[in-house]
Amino acid sequence: MLDDFAARALFAALGVAMAAGLIGPFVVWRRMAYFGDAMAHAAILGVALSFGFAISVFSGVLLSALLVAVLFLTLTHRNQTSDSALGVIAHSALAFGLVAVAMSRQAVNVETYLFGDVLTVARSDLAMIWQVLLVVAAWLIWRWRALVTWIVSDDLALTSGYHPKREELGLILALALVVAVGIKAVGALLITAMLIIPAASARPHVRSPEAMVLLSVVFAGVSAFGGLKAAFMFDTPAGPSIVCVAAVLFICSLLVSVIRR
Amino acid sequence: MSLIEAQGLERRFGGETVLHGVNLSVERGEIVTIVGPNGSGKSTLLRMLAGALTPSSGTVTHAKGLVIGYVPQKLTLETGLPMSVRRFLDVPKRQSDADVIHALKRVSAETLSARQLEGLSGGQMQRVLLARALLQKPDVLMLDEPTQGLDQTGQADFYRMIEELRQELGCAVMMVSHELHVVMSASDRVICLNGHICCQGTPEIVQSAPEYRALFGTGTHGTLALYRHEHDHTHDHVHDENCAHGEDA
């Protein structure tokens with residue numbers, strides 16, 4: 001079945017969307033939307049890196065995402081506000097990435113990485129996506145108690161014997177992994193949408209953090225499925241179609257919550 | 001041994017020394033109240049003792065297996081975070097329904113279980129935070145300005161409840177306060193803080209100590225002066241300086 005490009009595309013999109021849906025709530029709770037965005041923008045630089053050092057695109061993007069994390073911590077420790085630090089990093093990395101890709105003289109279409117190209121995923125890409133999904137899910141289950149305590153309050157975490165810095169590092173690594181596999185499916189410019197929109201859609205309907213994560217995954221999965229169907233039906237680009245469906249679901253979720261009130 | 005021992009604690013924030021030269025220990029079952037003007041380092045000291053803040057120098061030693069029930073000054077909860085009172089009481093560890101009901105009853109908040117944290121009033125939130133701390137079966141209960149935002153009756157009730165809890169659980173209580181007249185009567189020991197420990201002892205001793213008078217006014221005598229002082233912060237500054245002066249010499 002996975003020989004069929006349509007089936008591969010569906011499983012790739014589902015895998016990426018569900019991984020994004022899993023950590024999306026944490027991005028919302030910790031207000032890391034712009035952080036995720038900066039990682040995604042830097043992914044283009046990662047693509048250039050992968051050409052330059054003959055490593056896989058996944059490794060290149062992972063490296064660039066971690067570089068963003070290090071730069072961010074350095075700049076904010078040097079009295080830069082976090083949004084200006086992220087603004088500097090995101091757009092410099094994107095610009096250097098675009099220049100570097102052009103200089104590498106590889107016959108690549110940058111759009112593939114900006115907007116994703118889920119229809120061309122190989123079996124190896126698919127394996128990587130699902131490995132990332134499993135790793136992120138396992139990490140969430142393993143650290144769940146500590147993560148929730150940390151989200152509620154740094155001080156409560158510290159006095160309960162947890163280390164907020166460690167949990168934050170875990171979240172940053174998980175984010176880097178999701179961005180690295182998400183490039184292929186929805187692209188650098190839209191991966192943040194898959195982190196934020198499903199989580200935001202889930203928020204009005206849940207009363208616990210657990211429920212929010214689960215519903216966020218459901219919304220993300222439905223968006224991937226519906227978006228891909230729509231892409232085949234209307235012959236539209238897959239990544240943007242998936243995000244469009246997520247956005248429509250968000251509006252519906254909002255309407256339902258308003259009506260129920 | 002003592003539950004908590006602190007030696008030579010110092011804390012700087014961006015080059016500014018907020019607290020220095022603090023030595024103190026907390027013993028099993030005692031109620032310790034830290035008082036001092038705004039910016040005197042009360043919360044900083046409590047958070048360092050609780051392990052929520054690392055001292056710039058000096059050490060904090062906890063007794064082996066020490067369980068701290070920490071009640072923060074306030075919880076700045078993300079509006080994006082859905083959390084019922086019941087779920088919050090499971091932070092960090094899941095608690096049995098029976099224990100939860102008991103803890104909520106203990107702080108007269110049994111009706112709040114299904115409510116979302118977002119919608120709670122300041123006083124309700126304070127009770128829920130306390131219930132959560134109680135569920136940890138703490139050796140020491142640490143409260144950071146627990147009566148902030150409560151009215152007079154609310155404050156008196158709250159302190160009475162803390163005293164009962166100490167009787168019941170046998171835990172030590174360490175709290176930061178600026179409501180002197182109520183706290184003083186309930187405490188075994190009062191620590192008067194202003195960047196360092198100005199004086200400490202039983203409420204009576206502290207009340208008559210010159211350092212304390214320097215910090216909290218000398219115009220009138222006894223508890224009434226302390227009470228009035230709350231509404232008259234204009235003298236604080238001058239007296240702070242006096243105090244720091246006398247001690248640093």
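Trainee: Why is Arg166(B) called buried?

Mentor: The structure is a predicted model, and in it Arg166(B) has a relative accessibility of 14%. Buried means under 20%, so Arg166(B) at 14% counts as buried.

Trainee: What makes Arg166(B) and Asp188(B) a salt bridge?

Mentor: The nitrogen and oxygen of the two side chains are 2.9 Å apart. The cut-off is 4 Å between a side-chain nitrogen of Lys or Arg and a carboxyl oxygen of Asp or Glu, so the pair qualifies. Arg166(B) belongs to helix 5 of chain B, while Asp188(B) sits in the loop between helix 6 and strand 8, so the salt bridge ties together parts that are 22 residues apart in sequence.

Trainee: Is Asp188(B) buried, partly exposed or exposed?

Mentor: Asp188(B) has a relative accessibility of 33%. Partly exposed covers the range between 20% and 50%, so Asp188(B) is called partly exposed.

Trainee: How do you know that Arg86(B) and Asp97(B) form a salt bridge?

Mentor: Their side chains meet at 2.7 Å, from N to O, and the limit is 4 Å. Arg86(B) lies in helix 2 of chain B and Asp97(B) in helix 3, so this pair links parts that are 11 residues apart in sequence. Salt bridges with shared partners also join Arg86(B), Asp90(B) and Asp97(B) into one network.

Trainee: What makes Arg12(B) and Glu10(B) partly exposed?

Mentor: Arg12(B) has a relative accessibility of 36% and Glu10(B) has 21%. Each value falls between 20% and 50%, so both residues count as partly exposed. Their side chains meet in a salt bridge, with 2.5 Å from N to O. Over all chains, the whole structure has 13 salt bridges.

Trainee: Why is Cys192(B) said to be in no disulfide?

Mentor: The count of disulfides over all chains is 0. For Cys192(B), the nearest cysteine sulfur is that of Cys199(B), 4.1 Å away. A disulfide needs two cysteine sulfur atoms within 2.5 Å, so a distance of 4.1 Å does not meet the rule.

Trainee: Are Cys171(B) and Cys192(B) buried or exposed?

Mentor: Cys171(B) has a relative accessible area of 1%, and Cys192(B) has a relative accessibility of 0%. Both values are under 20%, so both residues are buried.

Trainee: Why is helix 1 of chain B described as largely enclosed by the rest of the structure?

Mentor: Of the 9 residues of helix 1, 7 are buried, so the rest of the structure largely encloses this helix. Among the buried residues are Lys42(B), Thr44(B) and Leu45(B). Just after helix 1, Gly51(B) takes a positive phi of about 90°.

Trainee: How do you know that chain B touches chain A?

Mentor: 26 residues of chain B are in contact with 22 residues of chain A. Contact requires heavy atoms within 4.5 Å. The two chains bury about 2100 Å² between them, and 56% of this area is on carbon and sulfur atoms. Glu78(B), Pro82(B) and Pro92(B) supply 27% of the area that chain B buries against chain A, more than any other three residues.

Trainee: What makes Glu210(A) and Arg87(B) a salt bridge?

Mentor: Their closest N and O atoms are 2.6 Å apart; the limit is 4 Å, so the pair meets the rule. The interface of chain B and chain A has 3 salt bridges. Between these chains there are also 8 residue pairs in polar contact. On the side of chain B that touches chain A, 14 residues are nonpolar, 5 polar and 7 charged.

Trainee: What is the form of the peptide bond that joins Val91(B) and Pro92(B)?

Mentor: That peptide bond is cis, with omega at about 0°. Pro92(B) lies in the loop between helix 2 and helix 3 of chain B.

Trainee: Why is Ser108(B) called exposed, and why is Glu145(B) called buried?

Mentor: Ser108(B) has a relative accessible area of 52%. Exposed means over 50%, so Ser108(B) is exposed. Glu145(B) has 8%, under the 20% limit, so Glu145(B) is buried. Each has a positive phi in a residue other than glycine: near 55° for Ser108(B) and near 45° for Glu145(B). Ser108(B) lies in the loop between helix 3 and helix 4 of chain B, and Glu145(B) in the loop between strand 6 and helix 5.

Key. Residues are numbered from 1 along each chain as its sequence is written. Chains are lettered from A and ligands numbered from 1 in the order in which they are written. This is a predicted model: local features need pLDDT of at least 70, side-chain atom pairs count only at pLDDT 80 or more; totals for chains, interfaces and linings use all residues. Side-chain values use heavy atoms; hydrogens and water are left out. Buried means under 20% relative accessible area, exposed over 50%, partly exposed in between (1.4 Å probe, protein chains only). Helices (H or I, at least four residues) and strands (E, at least two) are DSSP runs, numbered from the N terminus. Buried area is the accessible area (1.4 Å probe) that two parts lose on being put together, summed over both. A polar contact is a pair of N or O atoms within 3.5 Å; within protein, one must be able to donate a hydrogen and the other to accept it, and residues adjacent in sequence count only if both atoms are side-chain atoms. Ala, Val, Leu, Ile, Met, Phe, Trp, Tyr, Cys and Pro count as nonpolar, Asp, Glu, Lys and Arg as charged, and the others, Gly among them, as polar.
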